[in-house]
Amino acid sequence: MTDTSDAVGVAGAGRSGARRTIAWGHRALEVGLAAGPDGDLRLVRLARPGDPGPTSGADAPLPLVELTALGHGSGWSGPRFTGTALGLRLRHRSHTTGEHDGWTRLTVELHDPATGLTAFVELSSPLGLPVLRSRVRLRNDGPGPLVVQSVSSLLLGALPPPARLDVHRARNDWLAECRWYAQPLSDTVADISVDVHQHDSRAALSLTGRGSWSSGGHLPMGALTERDGARAWLWQVESPAGWRWDVGERDHGTYLALNGPTDAEHQWRVRLAPGDEFTTVPGVLALGSGSSSRPGSGPGSGLDDAFGALTSYRRAVRRPHPDHAALPVVFNDYMNTLMGDPTTRKLLPLIDAAASAGSEYFCIDSGWYDDSTRGWWDSVGEWLPSSRRFPDGGIHAVLDRIRERGMVPGLWLEPEVVGVRSPVASELPPEAFFQRDGVRLVEQGRHQLDLRHPAARAHLDRTVDRIVSDWGVGYLKLDYNILVDPGTCGPGDLSPGAGLLGHAQAYLGWLTGVLARHPTLVVENCASGGMRMDGATLAVAQLQSTSDQQDPLRCPPIAAAAPTAVPPEQGAVWAYPQPTFDDDLIAFTLGGALLGRVHLSGHLDRMSAHQLALVRAAVAVYKTIRGDLSEALPFWPLGLPGWTDEWTAVGMRVRGDRTAYVSVWRRGGGGAEGVGGADSGGRGGREDSGGSGVLLPVECLAAGEGREVTVEILHPSPRSSSLNSAGSAVSVASAASVGSAGSVGSAVWDEGGRGVRVVLPRTPGVLLIRLTATP
């Protein structure tokens with residue numbers, strides 16, 4: 001870090017004097033701050049070393065912090081989060097730097113003499129990664145209270161103008177998660193001839209997440225990419241509750257503003273009495289740089305590069321846990337199998353089959369506590385086992401059977417909800433639940449616990465300690481299936497949005513305490529699939545459910561895009577083969593999970609010996625490669641997947657780009673054509689005389705001249721394929737095939753060194769390929 005002063009006057013300050021500049025960063029990131037035209041400190045450079053930008057002089061268009069408060073609003077009219085009165089008044093007082101545990105940090109202290117408000121801008125970055133993390137801590141040092149309505153987490157200006165950028169967003173709906181789409185930024189932020197009007201556009205493209213599903217509707221992420229270049233700016237807002245980001249034009253360039261909840265969109269505001277503090281949720285920005293010949297979201301792009309940097313950042317910021325390296329195979333009895341109706345009679349044969357297939361954990365999903373005949377949805381909360389479902393020896397006999405078969409037992413739990421018919425609803429005090437205007441909230445027959453209340457935390461601590469310590473359960477799937485919007489107004493809450501954020505952060509604090517007491521416990525985060533797939537939660541939980549999609553033909557685009565939101569070793573992907581499926585569909589269903597975390601399900605106990613062998617072979621392949629996944633960085637040879645694409649692919653690069661794994665699916669000319677319910681017959685393989693091949697560029701292996709690339713097809717396993725009479729893999733220096741004369745599929749390294757050419761002659765089809773480059 002360097003801190004310098006020069007003799008240049010502060011432009012627009014009405015006086016002459018030294019201008020302070022701050023240069024901070026490390027070998028992968030350069031950050032520069034300087035006094036702006038009004039004397040306020042501004043971010044003037046954020047780039048990789050050698051990168052041309054974004055960079056500007058002392059007239060950088062944005063201050064370090066933008067915020068609004070009652071009596072101190074915006075400096076102009078418009079929907080964008082810039083130009084706030086308080087933001088323009090904050091002045092630099094001091095700054096400190098430090099380096100610890102692989103991170104470098106810069107904290108800048110700003111102050112507004114009019115109100116006495118002090119803002120600490122806390123910037124940090126993992127050494128060696130082009131990633132910036134920012135949050136803002138406010139402290140009221142003034143004589144009176146201040147009601148804050150919004151405050152930025154991260155601001156960046158001086159990006160290329162809207163006409164040169166594409167903006168990327170990800171729809172994240174139930175059963176249709178991680179659907180990225182792009183459009184020119186100028187479609188929203190039109191060119192209005194700024195010079196003619198002497199005024200910036202008031203337009204902005206904004207995206208907002210609301211309610212207790214932090215990623216419901218959209219992922220709390222976004223990206224900008226240069227249309228004629230190779231740079232990318234990828235961000236995430238690490239909020240377990242509300243969030244907002246917006247991009248727009250400012251001073252002939254583009255700005256980005258990341259925020260947590262705001263008053264206008266989330267009914268969030270906080271009152272800071274003298275001496276009180278508030279800290280924003282973090283905003284994170286990853287910089288990407290790729291081949292200028294492949295800009296945007298295609299293979300080898302800057303966006304791929306940025307996703308790789310963000311993946312490494314997510315690993316650096318999360319809570320350490322042995323599961324992140326072990327990657328055990330989990331069998332869960334729910335999806336397309338017991339569907340919330342577990343009993344001893346149904347579970348025992350499934351346990352035996354799952355163990356035979358190679359599972360290492362067995363999770364009993366919802367319904368294990370249901371002792372009524374009216375259904376369990378509105379009666380949950382006690383979390384005591386059903387005697388009706390487990391008559392002989394109770395649930396403990398089933399848990400013992402799991403352990404006897406060499407697996408770790410797990411249970412499903414929905415900790416934050418209490419059914420209106422549950423005795424817990426009357427046992428806990430009213431203040432332990434979400435409320436508005438003194439009325440306890442009800443959503444779908446359930447109350448919502450407020451984890452800021454000690455009685456709510458004590459209830460859940462007793463529940464988890466009983467299940468883990470007394471029952472010997474080593475895995476918890478923590479689900480959340482209601483949506484509360486905008487939040488709760490408990491005692492001391494000024495607004496429901498503030499109550500929701502307070503609870504969500506208290507929930508993560510509670511979960512951190514659970515893991516501290518039970519360090520080997522593995523926790524899966526689930527909310528109707530991927531409705532809480534945010535960075536704050538990922539930093540605490542070991543696994544993340546990515547979807548509840550039940551149709552295997554709809555799963556490939558979700559599985560392929562999941563690494564945009566979650567590192568592969570945390571992304572739980574369903575693999576639910578059924579005895580009614582043919583071999584192609586069994587292979588297809590299993591193949592989708594092999595570059596993530598395998599979550600087996602399906603009626604394995606009803607399968608033939610041949611079918612179970614197919615499952616066993618896929619699990620065995622996964623166990624040979626999972627050691628690489630904990631350090632792998634994702635890329636997308638065909639670009640980020642579309643929902644109905646015929647071909648979908650995702651890759652993982654490891655070992656200094658000497659090895660790459662690629663999963664490729666083919667679903668047919670119309671994309672997915674659903675296979676029906678869990679017990680429907682599998683669609684037979686469909687021959688296709690044309691269009692059965694695709695070239696998958698693999699930039700990381702094609703970079704070196706004179707390289708030889710070995711191609712191996714790992715799945716479907718030749719030894720388990722009914723079409724392969726040879727019983728062994730076909731693998732040479734540049735080509736591989738599986739099945740009789742490659743009838744299941746083949747992969748050949750392209751002679752031009754650009755990538756691997758894959759043929760899948762039938763649909764549905766899938767291949768998992770390992771590519772190894774030698775000097």
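1. Salt bridges first: searching the whole structure, which is a predicted model, turns up 46 of them. A few pairs are worth a look in your viewer.

2. Start with arginine 315 and glutamate 569, whose closest N and O atoms sit 2.8 Å apart. This one spans 254 residues of sequence, with arginine 315 in helix H4 (302-317) and glutamate 569 in the loop between helix H13 (555-561) and strand E32 (571-575). Both ends are out of the solvent by the numbers: glutamate 569 is buried at 0% relative accessibility, and arginine 315 is buried at 16%.

3. Next, aspartate 341 pairs with arginine 389, at 2.7 Å between the closest N and O atoms. Aspartate 341 is in the loop between helices H6 (334-338) and H7 (344-357), while arginine 389 is in the loop between strand E23 (361-364) and helix H8 (394-404), so the bridge ties together parts 48 residues apart in sequence. Here the burial is mixed: arginine 389 is buried at 6%, but aspartate 341 is partly exposed at 30%.

4. Don't treat that pair in isolation. Asp341 and Arg389 belong to a salt-bridge network that also takes in Lys346, Asp370 and Arg388.

5. Arginine 517 and aspartate 465 form a helix-to-helix bridge, 3.0 Å from N to O. Arginine 517 is in H11 (496-517) and aspartate 465 in H10 (454-470), 52 residues apart. Arginine 517 is partly exposed at 38%, as is aspartate 465 at 25%.

6. On the cysteine side, how many disulfides does the search find? It comes back with 0 for the whole structure. Cysteine 526 is buried at 1% relative accessibility, and cysteine 700 is buried at 14%.

Notes. Residues numbered from 1 in each chain as written. Predicted model: local features only at pLDDT ≥ 70, side-chain atom pairs only at ≥ 80, totals over all residues. Heavy atoms only, no water. Disulfide = S-S within 2.5 Å. Buried < 20%, exposed > 50% of the residue type's maximum accessible area, 1.4 Å probe, protein only. Salt bridge = Lys/Arg side-chain N within 4 Å of Asp/Glu carboxyl O. Helix = DSSP H or I, 4+ residues; strand = E, 2+ residues; numbered from the N terminus.
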